[in-house]
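Welcome to this tour! Open your viewer, keep the selection tool at hand, and follow along one stop at a time.

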Amino acid sequence: MSIFSANTDSARMPQHIAIIMDGNGRWAKKRGLPRNAGHAVGSETFRKIATYCKNIGVQYLTVYAFSTENWKRSKEEVEGIMKLFDQYLREAIEEMEADHIRLKVLGDLSRISPELRQLIEKTYEISTHYDGFQVNVCINYGGRDEIVRAARAFAEKCLAGEAKPEELTEESFSHYLYSDGIPDPELIIRPSGELRTSNFLPWQSAYSEYYFTDVLWPDFDEAELDKAIAAFRARDRRFGGVKK
């Protein structure tokens, strides 16, 4: 049973949790299974954790599902991951309408198949009808790429005479990012024992709290999330200020 609920003191609960879903391949290798078997189990873990976050009152969940660098993997693995995305989106469309869940995909969709893009567009349309819990899935996402794209978009506005360089602020720049309108994550979790951020939300994570664990993503469960939240709640977040 969870130690948290939707009634837990919201002032000390992260309203936006982001997760680097890492360790699927190693989980499969330890069991003598193909890497895509690990991705399949990891996909189910994602569903379970997303439901749990909604139930305990988290407002936003952002997951790193497929990076701009992941195209370097084998064709078989990439195709397997894309099939899981397709399956998830089709099922999510039904769940979104039944549970009033919002879903947004963050990333460069130019390399995604037309079929997947159509499903993504449908989730966007459904999301406009609801408020409440939102899941953000980062697909073909790279943090540096996101910042470069945002800089180019602002530069184009300047060239068109629609903006001036001196008008740019941190707040206005954030509107050019994929995450426009989404609050920055307060807690970022990385399973699998790796101690790096891997190009995940570099702009948005400026003041995020990090939690690292050796547990591989397919084995990550509600109890592990509770540990991460408990660690977050125990920290003193000063945002550059001095402890009183």
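**Stop 1: a network of charges**

Please select Asp 22, Arg 26, Arg 190, Glu 194 and Arg 196. These residues are linked in a network of salt bridges. Side chains of opposite charge can pair when their charged atoms come close. You are looking at a predicted model, and by the rule used here the count of salt bridges comes to 15.

**Stop 2: the whole chain**

Now zoom out and show the chain as a cartoon. You should find 7 helices and 6 strands in the protein chain. To trace them in order, start at the N terminus: the elements run β-α-α-β-α-β-α-β-α-α-β-β-α.

What box do the C-alpha atoms fill along the principal axes? The box is roughly 60 × 50 × 35 Å. A compact globule of 244 residues would have a radius of gyration near 18 Å, and the protein chain agrees because its own value is 18 Å. If you colour the model by accessibility, 46% of the 244 residues count as buried.

**Stop 3: Arg 47 and its two partners**

Go to helix α2, which covers residues 35-55, and select Glu 44 and Arg 47. The two form a salt bridge, and their closest N and O atoms are 3.1 Å apart. Both sit in helix α2 with their positions 3 residues apart, about one turn of the helix.

Is Arg 47 buried or exposed? Arg 47 counts as buried because its relative accessibility is 16%, and the cut-off for buried is under 20%. Glu 44, with a relative accessible area of 43%, is partly exposed.

Keep Arg 47 selected and add Glu 91. The side chains of Arg 47 and Glu 91 also meet in a salt bridge, at 2.5 Å from N to O. Arg 47 lies in helix α2 and Glu 91 in helix α3, so this pair ties together parts that are 44 residues apart in sequence. Glu 91 is partly exposed, at 31% relative accessible area.

**Stop 4: a negative patch**

Stay with helix α3, residues 75-99, and turn on the surface. Select Glu 94, Glu 95, Glu 97, Asp 99 and Glu 125: together they gather in a patch of negative charge. Which element gives the most to this patch? Helix α3 does, with 4 residues.

Click on Asp 99, one of the residues of the patch. Asp 99 has its place in helix α3 and is partly exposed, with 42% relative accessible area.

**Stop 5: two residues with positive phi**

Next, select His 100. This residue lies in the loop between α3 and β3 (102-106). His 100 is not a glycine, and yet it has a positive phi of about 55°. His 100 counts as partly exposed, at 43% relative accessibility.

Now move along to Asn 140 in strand β4, residues 134-141. Asn 140 is not a glycine either, and its phi is positive too, at about 50°. How accessible is Asn 140, buried or exposed? Asn 140 counts as buried, because its relative accessibility is 3%.

**Stop 6: inside strand β2**

Hide the surface and find strand β2, residues 60-67, where Val 63 is located. Val 63 is buried, with a relative accessible area of 1%. If you draw a distance from the C-alpha atom of Val 63 to that of Ala 50, you should read 9.6 Å. Along the chain, Val 63 and Ala 50 are 13 residues apart.

**Stop 7: helix α7**

For the last stop, select Glu 224 and Lys 227 in helix α7, residues 222-233. Their side chains meet in a salt bridge, with 3.3 Å from N to O. Being 3 residues apart in this helix, Lys 227 and Glu 224 are separated by about one helical turn.

Which partner counts as buried, and which as partly exposed? Glu 224 is the buried one, at 12% relative accessibility. Lys 227 counts as partly exposed, with 45%.

Conventions
Residues numbered from 1 in each chain as written. Predicted model: local features only at pLDDT ≥ 70, side-chain atom pairs only at ≥ 80, totals over all residues. Heavy atoms only, no water. Patch = residues over 30% accessible without salt bridge, like charges linked within 9 Å, V, L, I, M, F, W, Y side chains within 5 Å. Areas by Shrake-Rupley, 256 points an atom, 1.4 Å probe, with all protein chains shown as cover. Salt bridge = Lys/Arg side-chain N within 4 Å of Asp/Glu carboxyl O. Lys, Arg positive; Asp, Glu negative; His and termini not counted. Charge placed at Lys NZ, Arg CZ, Asp CG, Glu CD. Buried < 20%, exposed > 50% of the residue type's maximum accessible area, 1.4 Å probe, protein only. Rg over C-alpha atoms; globule rule 2.2 N^0.38 Å.
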